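I opened my notebook for another look at a model, and these are the entries I kept. Pull up a chair and follow along.

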Amino acid sequence: MGRGKFKGKPTGHRHFSTPEELLAGTSARPRTFKKEVAEVEEEEEEESEEEVEEESEKRKGTQGLIEIENPNLAKQKNVKARDVDVGKTTELSRREREEIEKQKAHERYMKLQEQGKTEQARKDLERLALIRQQRTEAAKKREEEKAVREQKKVEARK
């Protein structure tokens, strides 16, 4: 019999038992699986009790001498909210520290600059003094030229 265009998965088709089959006990799947699992669990419990007694008495090789867990296994550090130390300051990274130092140095430099104590500030002040002097000289020269023009106008009218 043909399956059509698409084939089913190779795992097979699911078969669901009807409630009547379950009650009659004639379902496709046997019900003995749970019983087998229960028996295996009981046997394991008995064996584990015996093993616990033996383990406390005798250990293999160097297990009795060395009690170290796997050092390569990274343990998770879970910190609860009540255990957190609020007063403790966290360490800054190198980049953050350098950034803060850079800002403080810049602030110090700008403060000295305002006071005129840095070399650059001195040069700026000298330049400003020179420019002021040139402007005052230029202003005097303009006024003198203006005064000379006015005198010429007055003389020309006479």
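**Entry 1: confidence.** I began with the scores, since this is a predicted model. The protein chain has an average pLDDT of 78, and 67% of its residues reach at least 70. Which helix scores lowest on average, and which highest? I found helix α2 (residues 33-57) at the bottom with a mean pLDDT of 62, while α4 has the highest mean, 94. I wrote a reminder in the margin: where pLDDT is low, the predicted coordinates should not be read in detail.

**Entry 2: overall make-up.** I went through the secondary structure next. The protein chain holds four helices and zero strands, so I noted the order from the N terminus simply as α-α-α-α. I then looked up burial, and 3% of the 158 residues count as buried. The exposed area of the protein chain comes to about 17,300 Å². Carbon and sulfur atoms account for 50% of that area.

**Entry 3: helix α3.** I checked α3, which covers residues 94-115, against its expected span. Its 22 residues, at 1.5 Å each, should span 32 Å, and I found the end C-alpha atoms 32 Å apart, so the two agree. After α3 comes Gly-116, and I noted its positive phi, near 80°.

**Entry 4: the loop after α3.** I stayed in this region to look at Thr-118, which sits in the loop between α3 and α4. Is Thr-118 buried or exposed? I read a relative accessibility of 9% for Thr-118, and because the cut-off for buried is under 20%, Thr-118 counts as buried. Setting aside neighbours within four places in sequence, I listed Tyr-109, Leu-112 and Gln-113 as the contacts of Thr-118.

**Entry 5: Gln-113.** I turned to the partner on the helix side, as Gln-113 belongs to α3. What joins the side chains of Gln-113 and Thr-118? I found a polar contact of 3.1 Å between them. Leaving out residues up to four places away in sequence, Gln-113 touches Thr-118, Gln-120, Ala-121 and Asp-124. I put a mark beside Asp-124, a residue that comes back in the salt-bridge entries.

**Entry 6: salt bridges, the count.** How many salt bridges are there in this model? I counted three, and I took them one at a time.

**Entry 7: Glu-98 and Arg-94.** This salt bridge has its closest N and O atoms 3.3 Å apart. I placed both residues in helix α3, where being four residues apart separates them by about one helical turn. Glu-98 is partly exposed, with a relative accessible area of 43%.

**Entry 8: Lys-123 and Glu-119.** Here I moved on to helix α4 (residues 119-157), which holds both residues, four apart and about one turn of the helix from each other. Their side chains meet in a salt bridge with an N to O distance of 4.0 Å. I looked up accessibility for each partner: Lys-123 is partly exposed at 45%, whereas Glu-119 is exposed at 57%.

**Entry 9: Asp-124 and Arg-127.** I closed the set with a salt bridge whose closest N and O atoms are 3.0 Å apart. Asp-124 and Arg-127 also lie in helix α4, three residues apart, about one turn of the helix. I recorded Asp-124 as partly exposed at 26% relative accessibility and Arg-127 as partly exposed at 48%.

**Entry 10: looking back.** I drew one last sketch around Asp-124. On one side of the page I put its contact with Gln-113, and on the other its salt bridge with Arg-127. Beneath them I added the polar contact between the side chains of Thr-118 and Gln-113.

Methods:
Residues numbered from 1 in each chain as written. Heavy atoms only, no water. Helix = DSSP H or I, 4+ residues; strand = E, 2+ residues; numbered from the N terminus. Polar contact = N/O pair within 3.5 Å; in protein donor to acceptor, adjacent residues only side chain to side chain. Contact = heavy atoms within 4.5 Å. Buried < 20%, exposed > 50% of the residue type's maximum accessible area, 1.4 Å probe, protein only. Areas by Shrake-Rupley, 256 points an atom, 1.4 Å probe, with all protein chains shown as cover. pLDDT = per-residue confidence, 0-100. Expected span 1.5 Å × (residues − 1).
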